[in-house]
Amino acid sequence: MKAIKVLISDFQFLTREGLIKLTESTQNFDLVGVLEDQKQCMDQFTKLQPDVLILGYPGGQLDMNESLSGLIRMQASKVLIITNEVEKGHIQNLLSLGIKGIVTKGCSQTEIIHAIESVARSNRFFCNSILEIVM
């Protein structure tokens with residue numbers, strides 16, 4: 001099985017480090033890059049062509065929504081949002097943009113791994129916390 005190429009972009013140091021450890025310790029994942037600033041996403045996404053971009057979402061930032069729209073136009077199925085934002089309006093906004101995968105930073109390791117694998121296969125994945133909000 002071909003390794004899933006993962007690009008991580010999150011503004012929080014601890015989240016980035018946790019995602020780095022998770023991807024490096026999972027056999028079928030290949031970490032191709034790590035970004036601290038979402039402004040680099042578009043260029044690096046195009047250059048590195050990951051199977052999945054794991055993108056930290058702080059919620060409510062208009063410039064972030066514009067960046068997401070650009071990434072989605074390129075390939076929506078490749079973006080997995082990781083967030084602490086659990087307000088229904090923000091989650092609905094992400095869904096309306098075309099995001100196919102959303103997990104919270106409180107999700108289990110197993111859920112995050114399944115989310116990465118699902119999004120890489122162009123499937124939808126929402127962790128249990130997000131499903132509760134949406135339903």
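A strand here is a DSSP run of E at least two residues long, numbered from the N terminus. With that in hand, select S9: its place is in strand β1. Keep in mind as you go that this is a predicted model.

**Stop 1: S9**

Is S9 buried or exposed? With a relative accessible area of 2%, S9 is buried, because buried means under 20%. Now add D37 to the selection. S9 and D37 are 28 residues apart along the chain, yet their C-alpha atoms are separated by 6.8 Å.

**Stop 2: the whole chain**

Zoom out and switch to a cartoon view. You should find 6 helices and 6 strands. Following the sequence from start to end, the pattern reads β-α-β-α-β-α-β-α-β-α-β-α. Of the 135 residues in the protein, 49% are buried. The accessible surface comes to about 7,000 Å², and carbon and sulfur atoms hold 48% of that. Among contacts with a separation of 6 or more, 67% are between residues 24 or more positions apart.

**Stop 3: the sheet**

Colour the strands next. In what order do the 6 strands lie in the sheet? The order is β2-β1-β3-β4-β5-β6, in an open sheet with parallel pairing. At the edges are β2 (29–35) and β6 (125–126), each of which pairs on one side only. Then bring helix α1 (residues 13–25) into view: this helix packs on the sheet and touches β1 (4–9), β2, β3 (52–57) and β4. The direction of α1 makes about 160 degrees with that of β2.

**Stop 4: strand β4**

Select residues 79–83, which make up strand β4. How many residues of β4 are buried? The count is 5 of its 5 residues. Turn the strand and look at each face: V79, I81 and T83 lie on one side, L80 and I82 on the other, and all are buried.

Now look to the neighbours. On one pairing, 5 bridges join β3 to β4, and these strands run parallel; here I54 has L80 as its bridge partner. β4 also pairs with β5 (residues 101–104), again in the parallel sense, over 4 bridges. Three residue pairs are worth showing as sticks:

- I81 stands opposite I102.
- I82 stands opposite V103.
- T83 has T104 as its bridge partner.

To get from β4 to β5, trace the chain through helix α4 (residues 88–97); this β-α-β crossover is right-handed.

**Stop 5: strand β5 and T104**

Stay on β5 and show its side chains. G101 and V103 point one way, I102 and T104 the other way, and all are buried. Pick out T104, which lies in this strand. T104 counts as buried because its relative accessibility is 7%. What does T104 contact, leaving aside its neighbours within four places in sequence? Its partners are I82, T83, V86, C127, S129 and I130.

Move on to β6, which pairs with β5 in the parallel sense over 2 bridges. Here G101 stands opposite F125. Follow the chain from β5 through α5 to β6 and check its handedness: this β-α-β unit is left-handed, whereas the crossover from β4 through α4 to β5 is right-handed.

**Stop 6: the nonpolar core**

Select I54, L80, I81, I102, V103, I112 and I116 together. These residues have the most contacts inside the largest nonpolar core, which has 36 residues. Centre the view on I116. Not counting residues up to four places away in sequence, I116 touches I4, V6, L22, F29, V52, I54 and L80.

**Stop 7: two loop residues**

Finish with the backbone. Most residues other than glycine have a negative phi. Select Q49, in the loop between α2 (41–48) and β3. Q49 is not a glycine, yet its phi is positive, at about 45 degrees. Its relative accessible area of 51% makes Q49 exposed.

The second residue to select is S122, in the loop between α5 (109–120) and β6. S122 also has a positive phi, about 65 degrees, although it is not a glycine. How far is S122 exposed? With a relative accessible area of 43%, S122 is partly exposed.

Note on methods: Residues numbered from 1 in each chain as written. Predicted model: local features only at pLDDT ≥ 70, side-chain atom pairs only at ≥ 80, totals over all residues. Heavy atoms only, no water. Pairing = 2+ DSSP bridges. Contact = heavy atoms within 4.5 Å. Axes fitted to C-alpha atoms, helices over the stretch in contact; angles between N-to-C directions. Core = buried A, V, L, I, M, F, W, Y, C linked by side-chain atoms within 4.5 Å. Buried < 20%, exposed > 50% of the residue type's maximum accessible area, 1.4 Å probe, protein only. Right-handed = clockwise from strand over helix to strand, strands pointing away. Areas by Shrake-Rupley, 256 points an atom, 1.4 Å probe, with all protein chains shown as cover.
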